Protein chains: 2
Amino acid sequence: MNIGDVAERSGLPAKTIRYYEDIGFIRPARSANGYRQFSDRDLHKLAFVGRARSLGFTIEDCRTLLALYEDRGRASADVKLVAKQNLVDIDAKIAGLQEMRKTLSHLVACCAGDDRPDCPILDSLGGVPEA
Amino acid sequence: MNIGDVAERSGLPAKTIRYYEDIGFIRPARSANGYRQFSDRDLHKLAFVGRARSLGFTIEDCRTLLALYEDRGRASADVKLVAKQNLVDIDAKIAGLQEMRKTLSHLVACCAGDDRPDCPILDSLGGVPEA
DNA sequence: ATAAGGCTTCCAGTTGGTGGAAGGTCAAGC
DNA sequence: GCTTGACCTTCCACCAACTGGAAGCCTTAT
C-alpha cells in the first residue's frame, strides 16, 4: 500500500502518517522508487493510534499503548491504569470548561448587546478603568 | 512598576508579560537602566487579558476584546458576539470530551484489570491482530 | 510528449507560552 | 569598598502535534 491508500483507509492525513513514522510509531518498508510500502500491520497500528488520539490520549500515551498492544503477554491492569488516568484528566477538563461556560454565559446574559458602549462583559474583565 | 511587581499583581509570570509585549498587547516605557516601567493602565490590561485567557478566549480574541475595551464608543453587541462565539466553542469542546468520556469509561468498566493479557480496551482500539 | 497527480524531503509556521544561558543592575551586609 | 543575591535584560531553543509549502522525482493517462 502507498501512503495515499493508508491515509484513506486509516482516516489520517498523509502528513500525519509521515509524522508518525518520524516519531517511531511505524517503520514502513520502501520500494525501489523510494515510496513507503505499508503492511496491514502498519495500517492497524495507525488506525489504533488514530482512535486513541481521538479519545484524548497523548502521543506518549499512544506510545505506551502501542507497546502494550504489541506485547501479547501484557497485563490488562497496565492498560486499564493508563485509561483510568486519562479518564481523570478528561473529567478535569470538562469541569474546567463548565466553570468557564457558567461565568461566560452569565456575562452574555447580562449584556444588552445593542449599540450602547456599556458592556458588562468588558466591565467584568477589566474593571472600570478610572470610571 | 517593574515587571516583578506587575507579575505579582496581575498573576501572570514575567515571561508571559514580556511575551504579551512582544505580541503588542502593551508597550511599557523604559527607564534609564533599560527596565520596563509599567503604568497602572498596563497592569489593568494585563489583568484583563489574564482573565479573558482563563475564560478560554484565544490570544486573537483578546486582541479584539482589548481593542473594544480601549474604544470608549464601542457597541456592546460587538463584544457580545465574540463572547457568544466563545460559548459555542466551549459547548462543542464539552460535548466532545463527554463523548470521549463515555467511550473510555465503558472500556475501563469492561476491562478486568488483572494479570491476564485479555484487554477489551486494546481490542477495541486495534481490533484483534491476527487472532 | 505532456500534463495531472502522487510521492519524496526539508524547512518553517502554528498556539501560547516556558526554560535557560549570558550578562547588566541594584540594594544590603560586612 | 566589595561581594552576594535578587532582579532585570536579550536571545535562542523547545513543548505538542501536527500543517503548509517549496522543490523535485515518479507514474499514469491521453
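**Two chains around two DNA strands**

α2(B) makes the largest contribution to the surface near DNA strand C, giving three residues. The model described here is predicted, so local features are restricted to pLDDT of at least 70 and side-chain atom pairs to pLDDT 80 or more, whereas totals for chains, interfaces and linings use all residues. Residues are numbered from 1 along each chain as its sequence is written, while chains are lettered from A and ligands numbered from 1 in the order in which they are written.

In all, 17 residues lie around DNA strand C, and those that come nearest are A:Asn2, A:Gly4, A:Arg36, B:Asn33 and B:Ile59. A residue is taken as near a molecule or strand if its C-beta atom, placed from the backbone, lies within 6 Å of it. At least two residues each are supplied to this surface by α1 (3-10) and α2 (14-22) of chain A and by α2 (14-22) and α4 (59-70) of chain B. Helices (H or I, at least four residues) and strands (E, at least two) are DSSP runs, numbered from the N terminus. By class, the surface near DNA strand C holds six nonpolar, six polar and five charged residues; Ala, Val, Leu, Ile, Met, Phe, Trp, Tyr, Cys and Pro count as nonpolar, Asp, Glu, Lys and Arg as charged, and the others, Gly among them, as polar.

Turning to the other strand, DNA strand D is surrounded by 17 residues, of which A:Thr58, A:Ile59, B:Asn2, B:Gly4 and B:Arg36 are the closest. Here α2 and α4 of chain A, along with α1 (3-10) and α2 of chain B, give two or more residues. The largest share, three residues, belongs to α2(A). Six nonpolar, six polar and five charged residues make up the surface near DNA strand D.

The protein chains also meet each other: 49 residues from chain A and 49 residues from chain B take part in the contact, which is counted where C-beta atoms, placed from the backbone, lie within 7 Å. On the side of chain A that touches chain B, two or more residues come from α3 (40-54), α4 (59-70), α5 (76-110) and α6 (120-126). Of these elements, α5(A) gives the largest share, 20 residues. This side of chain A comprises 26 nonpolar, 11 polar and 12 charged residues. Because 100% of the interface residues of chain A are also interface residues in chain B, the copies meet through the same surface.

A turn of 180° with a shift of 0.1 Å along the axis lays chain A on chain B with an RMSD of 0.2 Å, which is the relation of a two-fold axis. The superposition is by least squares on the C-alpha atoms of residues with pLDDT of at least 70 in both copies. Within chain A, A:Ile94 has the C-alpha nearest the axis, 3.0 Å from it.

How values were computed: Two residues are in contact if their C-beta atoms, placed from the backbone, lie within 7 Å.
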